[in-house]
Amino acid sequence: IRLFLAGLLIGCVLVYFMLFRGQDRSYWLPENRLKEQVGKSKVIFSEHAKCMMACRGISEEEVNHILKEGDVNFGDSDIHNTPCPSYAFDGKTATGKNVRIVCTACDSIAEVTTAINLEQGKDTCRCK
């Protein structure tokens, strides 16, 4: 048994040093893979999103910041929507607003469909 355990220990050490040491494995997680996909995509804004952003005082720079640094809220996302799933990104802007950005990811295009200020109560925007 000692010989087996010694071989197992040596094998584990070799696997660690050959495969895992010094490499970032965060891209394995679904959230990070999605952020990378959206980051490589061309970001466009729908007319509804532009209207909502203007009404709520959210700039395109803030939206791009949330898409890059925000958290993906899979509970409020529609990942099974065909042909393009929609994802909700939550985060704080540089000015301290707590916002949710909803975008659809299709091929190499990410379309922002709406922007929501989570701190506002009732929606007073008249966007179609």
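User: Which residue just after H1 takes a positive phi, and of about how many degrees?

Analyst: The model discussed here is predicted, and its helix H1 covers residues 2-20. Just after this helix, the backbone takes a positive phi of about 75 degrees, and the residue that does so is Gly22.

User: How far apart are the end C-alpha atoms of helix H1, and what span should its residues give?

Analyst: Helix H1 has 19 residues, and at 1.5 Å a residue these should span 27 Å. The computed distance agrees with that expectation, because the end C-alpha atoms of H1 are 26 Å apart.

User: In what order do the strands of the open sheet lie, and which are the edge strands?

Analyst: The sheet is open, has five strands with mixed pairing, and runs in the order S1-S5-S4-S3-S2. Neighbouring strands of this sheet are turned against each other by 35 degrees on average, direction ignored. Each edge strand pairs on one side only, and these edge strands are S1 and S2.

User: In which sense, parallel or antiparallel, does S5 pair with S4, and in which sense with S1?

Analyst: Strands of a sheet pair through backbone hydrogen bonds, in either of two senses. S4 and strand S5 (residues 109-117) are joined over eight bridges in the antiparallel sense, and they form a hairpin with two residues between them, where Asp107 in the turn has a positive phi of about 50 degrees. S1 and S5, in turn, are joined over four bridges, and their sense is parallel.

User: Which residue of S5 stands opposite Ile44, and which stands opposite Thr104?

Analyst: Ile44 stands opposite a residue of S5, namely Glu111. Thr104 likewise has its opposite position in S5, and the residue there is Glu111.

User: Which strands does helix H3 touch, and which does helix H4 touch?

Analyst: Helix H3 (residues 47-56) packs on the sheet with its direction at about 35 degrees to that of S5, and the strands it touches are S1 and S5. Helix H4 (residues 60-69) also packs on the sheet, its direction making about 105 degrees with that of S3, and the strands that H4 touches are S1, S2, S3, S4 and S5.

User: Which element gives the largest share of the largest nonpolar core?

Analyst: In soluble globular proteins, nonpolar side chains tend to be buried together. The largest nonpolar core here has 19 residues, and those with the most contacts inside it are Val63, Leu67, Phe89, Ile101 and Val112. Two or more residues come from each of H2, H3, H4, S3, S4 and S5, while the largest share, four residues, comes from S4.

User: Which residue of S5 stands opposite Ile101, and which residues are among its contacts?

Analyst: Ile101 is one of the residues with the most contacts inside the largest core, and its opposite residue in S5 is Ala115. Leaving aside neighbours within four places in sequence, the contacts of Ile101 include Val63, Leu67, Phe89, Val112 and Ala115.

User: Which residues does the salt-bridge network around Arg100 join?

Analyst: Side chains of opposite charge can pair when their charged atoms come close. Arg100 in strand S4 meets Asp76 in a salt bridge of 3.1 Å, N to O, and this pair links distant parts of the chain, since Asp76 lies in strand S2, 24 residues apart from Arg100. Arg100 also forms a salt bridge with Asp90, whose closest N and O atoms are 2.7 Å apart, so strand S4 is tied to strand S3, where Asp90 lies. Through shared partners, these salt bridges make one network of Asp76, Asp90 and Arg100.

User: Are Asp76, Asp90 and Arg100 buried, partly exposed or exposed?

Analyst: Buried means under 20% relative accessible area. Because Asp90 has 16% relative accessibility, Asp90 counts as buried, and Arg100, with 17%, is buried. Asp76, at 45%, counts as partly exposed.

User: How far apart are Lys35 and Glu31 in helix H2, and is Lys35 buried or exposed?

Analyst: The side chains of Lys35 and Glu31 meet in a salt bridge of 3.7 Å, N to O. Both residues lie in helix H2 (residues 30-40), four residues apart, which is about one turn of the helix. Glu31 is partly exposed at 23% relative accessible area, whereas Lys35, at 17%, is buried.

Notes
Residues numbered from 1 in each chain as written. Predicted model: local features only at pLDDT ≥ 70, side-chain atom pairs only at ≥ 80, totals over all residues. Heavy atoms only, no water. Expected span 1.5 Å × (residues − 1). Salt bridge = Lys/Arg side-chain N within 4 Å of Asp/Glu carboxyl O. Buried < 20%, exposed > 50% of the residue type's maximum accessible area, 1.4 Å probe, protein only. Pairing = 2+ DSSP bridges. Axes fitted to C-alpha atoms, helices over the stretch in contact; angles between N-to-C directions. Contact = heavy atoms within 4.5 Å. Core = buried A, V, L, I, M, F, W, Y, C linked by side-chain atoms within 4.5 Å.
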